Amino acid sequence: MIAPPREPHARCRLNARSVGAGDDVLVVVNGGPGQSHDYCESTDGLATSEFQVVTYDQRGTGQTAHPANGDYSMDAYVSDLEALRKELGVDQMHLLGHSFGGVFAIAYTAAHPDRVASLQLYASSPVTAWDLDSTEFEARIAGFEDNGTFEEGYNEIDGSNDCAPYFQTIWPVYLYDTDFPMTPSLKATTCDLETFFGTSDSNMFGWDYTQEVRSFSAPTAVYYGESDPFISESQAIPQYFTGTDVQEVEIPECGHYWEECAEDFLTRAATFLVDAL
């Protein structure tokens, strides 16, 4: 399925895939920025006779081209999601955002609250950039450097646009169990440095959706692993969704990616979706 983003934000087409044939649609928004959707294919198990699960490559990632105008603003990402919704032919969609993809899901919810049937966020970046906190992440990086796990030069990309090797090297930083192996879908996930920096540059003044999300009233859940290095960012989210009863769940023995606790998380997500109908 190809969904053309609307102007004026981009001249690119989204590579998207769907599983299931239900009338209700769950769109999974992967993290990054710059990563492809591949690792989110683990959510295919949420597809039922009632739910179609859609994953997609964001602008400048995977099989979706870079926008010709270099626009990676939050508004552009929101425009992409709205174009995808229209291509799917649904009035509303359920959203599941992970990591930085959670910000895109939040931004879409802020702009189109009536189009969001439910919102789930796992290890999500925060509602406002003021709540960003990389302290623990940086401390873990430093610890692995000090003990020799990350060898000298591990973070040198040498002019390449491919940041997947760097992501795969620092994989243990995200985990509860630092020996937990990367899954095949995570190994297949690509990382685009141009998109990473383009998103940073296009949003250099950050974001703040605190006012917009206060009136959002649809079912909402915030999940995070007990060992997520960005846990404080997720924990800051529920306070802003004052118009709905947010389900806040800390998942034991898990980190930033749900692969460590896939059965636990996906069971919770499936139950949430059934209840949200």
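This note goes through the core, the salt bridges, the charged surface and the backbone of a predicted model.

1. **Nonpolar core.** The largest nonpolar core has 41 residues. Within this core, V27 and Y209 have the most contacts. Start there when inspecting the packing.

2. **What builds the core.** Several elements give two or more residues each to this core. The strands are β2 (14-19), β3 (24-29), β4 (51-57), β5 (93-98), β6 (116-122) and β7 (220-225). The helices are α1 (74-88) and α2 (100-111). Which element gives the largest share? Helix α2 does, with 8 residues.

3. **A position in α2.** A110 lies in helix α2. Its relative accessible area is 16%. Buried means under 20%, so A110 counts as buried. A110 and G60 are 50 residues apart in sequence. Their C-alpha atoms are 23 Å apart in space.

4. **Salt bridge count.** How many salt bridges are there? The count comes to 6. Points 5 to 8 take up some of them.

5. **R17 and E41.** E41 forms a salt bridge with R17. The closest N and O atoms are 3.6 Å apart. The cut-off is 4 Å, so this pair qualifies. R17 sits in strand β2, and E41 in the loop between β3 and β4, so the bridge ties together parts that are 24 residues apart in sequence. Are these two residues buried or partly exposed? E41 has 29% relative accessibility and counts as partly exposed. R17, at 22%, also counts as partly exposed.

6. **D80 and R59.** These side chains meet in a salt bridge, with 2.7 Å from N to O. The pair links distant parts of the chain. D80 is in helix α1, and R59 is in the loop between β4 and α1. The two residues are 21 residues apart. Is this pair buried or exposed? D80 has 1% relative accessibility, so D80 counts as buried. R59 has 0%, so R59 counts as buried too. Both ends of this bridge are therefore under the 20% cut-off for buried.

7. **D264 and R268.** D264 forms a salt bridge with R268. The closest N and O atoms are 2.5 Å apart. Where do the partners lie? Both are in helix α9, 4 residues apart, about one turn of the helix. At 26% relative accessibility, D264 counts as partly exposed. R268 is at 34% and also counts as partly exposed.

8. **A shared network.** Salt bridges that share partners join R17, E41 and D44 into one network. The R17 and E41 pair of point 5 belongs to this network.

9. **Negative patch.** Which residues gather in a patch of negative charge on the surface? They are D177, D179, E226, E248, E250 and E253. Of these, E253 is placed in the loop between β8 (247-251) and α9 (262-276). E253 comes up again in point 11.

10. **Cis peptide.** A cis peptide bond joins G32 and P33. Omega is about -5°. P33 is in the loop between β3 and β4. That loop also holds E41, the salt-bridge partner of R17. Most peptide bonds are trans. This one deserves a look.

11. **Positive phi.** Most residues other than glycine have a negative phi. What is phi at A123? The value is near 50°, which is positive in a residue other than glycine. A123 lies in the loop between β6 and α3 (135-146). With a relative accessible area of 2%, A123 is buried. E253 also has a positive phi, near 55°. E253 is found in the loop between β8 and α9 and belongs to the negative patch.

12. **A position in α4.** Y166 is found in helix α4 (residues 164-169). Is Y166 buried or partly exposed? Y166 is partly exposed, with a relative accessible area of 27%. In sequence, Y166 and G45 are 121 residues apart. In space, their C-alpha atoms are 29 Å apart.

Key: Residues are numbered from 1 along each chain as its sequence is written. This is a predicted model: local features need pLDDT of at least 70, side-chain atom pairs count only at pLDDT 80 or more; totals for chains, interfaces and linings use all residues. Side-chain values use heavy atoms; hydrogens and water are left out. Patches are made of residues with over 30% relative accessible area and no salt bridge: like charges are joined within 9 Å, nonpolar side chains (Val, Leu, Ile, Met, Phe, Trp, Tyr) within 5 Å. Accessible areas come from the Shrake-Rupley method with a 1.4 Å probe; for residues, only the protein chains shown count as cover. Lys and Arg count as positive and Asp and Glu as negative; His and the chain ends are not counted. The place of a charge is taken as NZ of Lys, CZ of Arg, CG of Asp or CD of Glu. A nonpolar core is a set of buried Ala, Val, Leu, Ile, Met, Phe, Trp, Tyr and Cys residues joined through side-chain atoms within 4.5 Å. Buried means under 20% relative accessible area, exposed over 50%, partly exposed in between (1.4 Å probe, protein chains only).
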